[in-house]
Structure formats: C-alpha cells, structure tokens
Amino acid sequence: MPQNSFRLYQNPDGPVLGTVSAPILEQDGLFFKDLARTGQLLPYEDWRLPAQTRAEDLAARLSIEEIAGLMMYSPHQMIPTLPGDPFQGSYNGKPFPESGLERWALTDQQKAFLEQDHIRHVLVMKLESAGIAARWSNAIQQAAEELPWGIPVNVSSDPRHGASKAKAEFKSGANDVSKWPEGLGIAATFSPEVCRQFGETIAKEYRALGITTALSPQIDLATEPRWMRFEDTFGTHPDQVTDLARLYCDGLQTTPGTADGWGRESVCAMAKHWPGGGPCEAGRDAHYAFGKYAVYPGDSFQSHLKPFTEGAFRLDGPTGSVSAIMPYYTVSWERDIKNGKNVGNAYSEYLIKDLLRGTYEYDGIVCTDWGVTRDPDSEMDALCSHCFGVESLTEAERHLLAIENGVDQFGGNSDIRPILEAYRLGCEKYGEPAMRARMERSAVRLLKNIFRCGLFENPYLDPAESEAVVGCEAFAKAGYEAQLRSVVLVKNRSVLPAACGKKVYIPDRTIQPHKNFFRGMSPETTVHPVERSLAEQYFQWADTPEEADLAIVFIESPITDGGYSGEEAAAGGNGYLPITLQYRPYQANTARQPSIAGGDFREDFTDRSYRGKTGTAANEADLDLVLDARAAMGDKPVIVCLRMHNPTVLSELEPAADAILIDFGVQKQVLLDLICGKAEPSALLPVELPASMETVEAHCEDKPFDYEVYVDSEGHAYGYAYGLNWQGVIEDERTHLYPKH
C-alpha cells in the first residue's frame with residue numbers, strides 16, 4: 001500500500017475513521033465504516049455502542065471457522081524475513097532478496113493465515129525500523145479490511161525495550177525504540193513513577209509500530225534464584241511485584257480522557273505466567289520437559305497468586321483489570337486440590353476453570369503459552385515439548401480440554417484443523433448449541449480487545465509520525481535515566497567515583513561452548529565488553545594492567561546448560577545436573593534427594609535428584625578476569641561490573657574487588673557514567689544474593705527470602721533493599737517501603 005493511501009473521516013466529537021476499501025456510511029450526521037458491505041449500519045460497526053455490545057454482535061455473525069481463526073495466535077513473524085532468520089517466510093514463492101518487493105511486503109504465509117485460517121492475532125519478532133513497521137502494519141490491516149467482516153489485525157510483541165538481550169525471550173525488537181532496564185532493573189529503582197512511565201512509553205511506541213498487545217508484564221514472583229527467566233520479573237517481594245504489576249498494566253492500557261480508559265493510545269497487557277512460573281524445582285525451566293515441574297515445599301502458593309489477584313486484576317486506573325493472562329508451561333505440582341491431576345497449567349481444570357475463572361472471577365482473555373498443544377518431542381533435551389501430562393491425547397483433544405477449562409486462545413498455533421476437530425468433538429459431547437455458545441464466549445473476549453483499542457475505526461498509521469514517535473528524544477532520555485537509576489552499587493572502597501581521563505584496563509571475556517535457549521550448542525565466544533571508542537570518551541585506553549590506573553572488569557552471572565545433559569543421560573545417568581550460581585565447578589553434595597516432583601513418559605524413573613554431581617559455568621573465566629586483574633593491579637583499583645541475570649554467589653570474587661556495580665540490563669555508557677561520577681548510584685537490590693550454593697540447595701523454591709544472604713568483606717549484607725551511594729549505605733523512604741514478612 002502506498003504511504004498514506006488510506007482515507008480519513010473526522011467525526012464531530014467522535015473517532016477518526018481510516019479506510020482503504022470499506023465504504024463509508026453517513027447516519028445522523030456521523031461517519032461509520034461499512035465493514036460488512038451491507039449498505040446498512042450493523043451494531044458492530046457502530047462506534048457509539050460499548051465494546052462488549054459490538055463484540056457480541058459480531059461474534060454471533062461469525063462462522064465457526066472464523067471464530068477458530070480468532071482463537072489462534074500466529075508464530076513469530078520477521079519484518080522482513082531475510083535469509084538466516086528464524087521463522088522463515090517467502091515472497092511470491094521466492095526468498096525476499098529475489099522477490100523485488102518492498103521490505104514491508106506481506107509474506108505468502110501471512111496472506112495465507114489471514115485469508116485461509118482467519119487469523120487476526122499476529123506476533124511480531126523482528127521489526128527492522130519504525131517506518132517499515134508502520135508500512136507493514138498498514139499492509140496487513142488493508143488485507144484484513146478487504147476480507148469478510150473487515151476484522152482488523154491485533155499485532156502483538158514480546159518485550160522489545162530491554163537495553164541488553166535476555167536469553168528466555170525473543171527480544172530483537174525494532175532497533176530504534178527507547179531502551180530501558182529489564183524487569184529487575186525497573187524494580188531496583190524502587191520508583192513507582194519509573195514503572196508507570198515505562199508502561200506509558202511502551203504504549204506510545206508500540207502503537208506507533210502498529211502493536212496493540214504486549215505479551216507482558218512478567219509478574220511471576222522470583223523466589224527461585226536459578227530460574228533462567230528471573231531477570232524479567234519485578235523481583236522477589238510479593239507486595240512490590242504486586243504494586244509494579246498494577247502500575248505497569250495501568251500505564252500500558254490507559255488512554256487518558258476516555259470514560260473507560262480504552263482508546264487509540266491503549267495497548268492490551270497480557271500478564272504472565274498464571275499461577276506463577278517462578279518456583280521451578282532446582283531452577284530448571286518449563287520451556288523444556290526436564291524443567292516442567294513447579295514445586296511448593298514452603299507452602300507459599302498464595303504468595304505467587306498475589307501479583308495477579310491483587311495487582312493485575314485490581315488496577316487503579318479506569319481499565320480495571322489486565323486484558324489477558326498467559327498460563328505458564330509448568331505443572332504446578334500437587335496444586336490441583338480438586339482432581340489431583342499434575343498437568344500443564346492450561347490443562348488444569350482446577351487452576352483455570354475453578355480458580356482463575358471461578359474464585360477470582362477473571363473474565364479477560366486466557367491465552368496459552370506458545371506451542372502447548374503440539375505433540376511432544378521424542379527427546380527430553382528439546383525446546384518444543386510442552387503438552388505436559390496430556391501427551392496421550394490428540395492435538396484436537398488437547399484443544400478441547402483447554403477450551404473446556406476456559407482457555408480462549410492458543411499461542412503459536414496457526415493450524416485451524418485441530419480447533420475445528422475440537423469443536424466437532426465438543427458438539428458430540430455437549431451438543432452443538434452449547435459448544436457454539438462456548439466458542440462465542442471466547443470470540444467476544446478476543447474481539448472486545450480489538451474494539452477497545454480503536455482498530456475497527458482506524459488501524460492505519462502515518463509512517464512519518466511513527467518515525468517521529470518511536471525512540472524520540474524524550475523517550476530515549478527517560479529510558480536512559482531509568483537505566484542510571486537501576487544500577488546497584490553494592491561495594492565501594494572509596495574508589496568511586498573515579499576521575500575521568502585516567503588510564504583504564506578492560507579485559508576481554510571468554511565464554512566456553514554451552515547449550516543455548518534452543519538447546520543447540522553456542523560455540524566458544526570472545527567478548528569485547530566495551531568498544532574502545534566509547535571507553536575513550538571517559539578514559540585513556542591501556543592495553544595492559546601494568547600501565548593502567550584502574551581496571552574495569554565486565555562480567556556476567558554464571559552461565560549453565562539449564563540443569564540437564566542428554567549426554568549424561570545417554571551415558572547411564574538420569575541427565576539432571578546442578579544449575580550453579582558460582583563460577584568454579586560446584587559439586588552438589590547437599591542437594592535434595594529424592595526430588596519433590598518427577599515422572600515423564602520418556603523416563604523410567606521419577607527421582608530427578610542430582611546430588612553428588614558437578615555443575616559448571618561456561619563463563620568460569622569471568623572469575624579469573626577479576627582475580628588476575630587484582631594480582632596485576634596491586635594496590636590500584638579493580639572495579640567489577642556484574643551483569644546479573646540471576647542472584648550470584650559472590651564469595652569467590654568480592655574480596656578481590658574494590659567496587660562492584662550490579663546491572664540488570666543497561667547500556668555500557670550508563671556504567672561508565674556512574675563510574676566517572678556523572679551520575680550517582682541510587683538503586684537498591686530487588687532480590688537477595690545467596691551466601692553459598694549450599695544455602696540455595698536448602699531453600700524452598702516457592703518461598704521469598706528464605707536463604708542466607710552474602711555478607712561482604714566490609715560487613716555489608718547483600719539483602720533486599722540494600723544499596724550504596726557515594727556517602728555509604730542508602731537509608732531513605734524506599735528502604736523500608738516493603739518490610740519482609
């Protein structure tokens with residue numbers, strides 16, 4: 001579609017309508033879009049009516065095939081799809097470079113799932129730029145407008161504003177969005193204003209990119225320090241996480257000045273992961289069958305519900321409640337007090353139908369995590385194997401079970417056939433009227449969000465306006481300021497701030513081969529922590545520690561293989577290994593035995609214990625960098641900058657450091673600004689750092705604040721709400737805001 005080829009119609013005291021092909025009706029001096037091409041104003045086309053009324057009218061008109069299309073969420077889309085990208089697509093049967101098409105052209109697959117599968121919920125992974133994103137959004141909205149009923153596309157995104165990449169999400173993002181710290185960094189500011197501004201900024205930039213649903217916030221309670229998704233949470237304290245969940249969702253969803261808070265500036269929030277994915281046994285993650293169990297040895301199940309039930313479901317703003325919920329992959333071990341079934345959360349009648357829909361009366365969208373209905377992989381050590389506890393069912397039977405529980409939508413499924421087969425099975429079981437009514441309830445919920453965001457009136461964007469909004473100076477400045485406020489200074493032997501212009505030594509890092517998120521092997525990597533050109537804006541470059549005035553050693557928390565080795569299993573073991581939070585090899589002599597949870601159709605045992613086995617870190621050399629710098633620098637300062645994905649055991653390196661800065665995903669320039677005193681550290685730990693791996697092994701995965709914290713050589717305990725500024729330990733209103741219970 002050529003830029004701005006859509007036509008706009010301004011209603012007096014009403015919405016602007018945008019259309020390419022839909023006729024315009026004039027009635028009572030007002031404009032309406034004739035999306036159904038009937039020549040008459042249908043209730044769903046009447047923007048004066050409530051979103052609920054419009055959604056009910058349209059849902060009743062749709063075929064079962066069209067409703068099934070609404071219940072699917074596309075796989076990740078790349079805009080454009082280039083050779084070497086994951087999730088490949090074609091353009092008129094050709095790779096993109098051979099197609100001769102514009103970079104915002106629709107792929108063959110996108111056209112097919114719109115027209116043939118009736119999909120209207122699309123997850124984007126890569127957006128090359130704001131201008132390309134806006135043009136692609138216009139193209140897909142035009143294609144949808146030309147189809148029956150003219151239902152717009154609800155484009156969604158995983159988080160894409162992180163200042164550094166995280167491992168557990170697809171976070172490539174549009175390169176020009178403003179950059180903010182990860183969830184732990186937002187929590188570390190202990191600032192409600194920063195969190196609200198974060199949500200509001202994301203909403204503005206997302207709408208300029210054509211995105212109307214955010215697959216966030218991640219409000220899992222971070223009680224298990226080994227969990228690979230720890231850094232994306234808002235921390236460990238149930239009350240703080242609850243407050244931040246509320247603030248973030250309000251910031252995303254609220255359009256100021258509207259009666260119900262919804263409108264052209266709103267982005268639907270999808271809070272995750274019900275009922276809390278944090279307490280995974282031994283830190284193993286449920287993206288994989290070897291990590292499918294969440295356990296509750298501390299009987300703290302209710303603490304994990306609190307960010308949802310008292311946060312996301314009880315917003316202070318006019319939208320009232322989060323628009324969508326995503327259950328996690330996990331089997332919440334022995335939490336089903338009704339049926340006693342240990343199945344994935346989306347398949348649990350008790351957790352979804354009885355607890356979420358019943359007890360807590362949640363009536364928003366419930367969308368599964370990605371790929372839970374697919375058949376399991378034959379290998380334990382694989383990414384896509386998520387139908388936990390219902391492996392013996394067919395795909396259609398899994399869809400029906402989830403629908404019976406109250407699930408509305410299936411993440412990552414663009415195949416309509418199993419949903420239609422589930423409908424047929426449901427008709428046999430309940431009768432067609434009842435099954436049709438059940439499917440319509442989901443359609444109403446799904447359509448309501450599209451109406452709320454104003455897409456039926458005008459889904460089109462001006463690419464020039466999008467380019468002006470996304471990553472604009474004000475948003476970039478706000479994100480950078482949040483980054484500065486998110487870095488925690490935990491140690492300072494009066495070496496910070498350091499004077500600019502000194503000679504600095506910054507060693508390169510080496511990371512050994514290790515399993516990545518997709519369970520392939522990442523090769524050995526050499527990392528240059530800071531570009532020399534950036535460092536020389538602050539310091540003189542020194543090639544050796546001997547010629548330097550100070551050393552800055554950039555490291556990250558220990559990197560492991562996720563707690564499982566297929567090779568160890570093939571050699572006769574059970575495959576389970578420790579996830580270590582220390583750098584040197586760790587032998588788990590005090591690990592739990594037997595495991596709390598266990599059992600899988602691919603295994604002939606239930607004990608997943610790894611007692612006596614050794615866990616290693618792929619970045620053990622990070623510790624050597626610190627110790628070697630200490631030895632080489634003598635009495636000269638050694639400053640450690642720790643990129644913390646998980647709470648780290650610091651006993652191996654802390655005594656060798658003169659200063660330690662902990663960041664939760666910031667640009668390197670932020671750390672250099674703090675080191676040079678261009679800004680003062682003000683953040684507080686939103687988590688606690690463990691004293692040892694033995695205390696980690698002894699703790700309860702579900703219980704907040706139940707392990708011994710590390711005390712450094714200066715006598716400071718690295719506990720919750722601890723941090724330093726240039727004067728010493730911070731004591732202000734924030735440090736006592738959330739008392740530990």
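## A walk through the fold

Let us begin with an open sheet of seven strands, paired in parallel in the order E5-E6-E7-E8-E9-E11-E13. Its edge strands, each pairing on one side only, are E5 (76-79) and E13 (365-366). Strands here are DSSP runs of E with at least two residues, helices are runs of H or I with at least four, and both are numbered from the N terminus. Two strands count as paired if DSSP finds at least two bridges between them. This is a predicted model, in which local features need pLDDT of at least 70 and side-chain atom pairs count only at pLDDT 80 or more, while totals for chains, interfaces and linings use all residues. Residues are numbered from 1 along each chain as its sequence is written, and side-chain values use heavy atoms, with hydrogens and water left out.

At one edge of the sheet, E5 meets strand E6 (residues 121-127) through four bridges in the parallel sense. You can locate this pairing at Gln77, whose bridge partner in E6 is Val124.

For an antiparallel pairing, turn to strand E1 (residues 7-10) and strand E2 (residues 16-19), which four bridges join. Arg7 has Thr19 in E2 as its bridge partner. The two strands form a hairpin with five residues between them, and Asp13 in that turn has a positive phi of about 55°.

Now for a helix. H10 covers residues 349-359, and its buried residues are Tyr350, Leu351, Ile352, Leu355, Leu356 and Arg357; buried means under 20% relative accessible area with a 1.4 Å probe, counting protein chains only. An α-helix has 3.6 residues a turn, so residues three or four places apart point the same way. After H10 comes Glu361, with a positive phi near 55°.

Stepping back, the protein has 20 helices and 27 strands. Its radius of gyration is 26 Å, close to the 27 Å that the globule rule gives for 741 residues, so the protein is as compact as a globular protein of that length. That radius is taken over C-alpha atoms, and the rule is 2.2 Å times the number of residues to the power 0.38. The C-alpha trace spans about 85 × 60 × 55 Å along its principal axes.

Of the 741 residues, 63% are buried. Among contacts (heavy atoms within 4.5 Å) with a separation of 6 or more, 73% link residues 24 or more positions apart. The exposed area is about 25,900 Å², 49% of it supplied by carbon and sulfur atoms; such areas come from the Shrake-Rupley method with a 1.4 Å probe.

Technical notes: Buried < 20%, exposed > 50% of the residue type's maximum accessible area, 1.4 Å probe, protein only.
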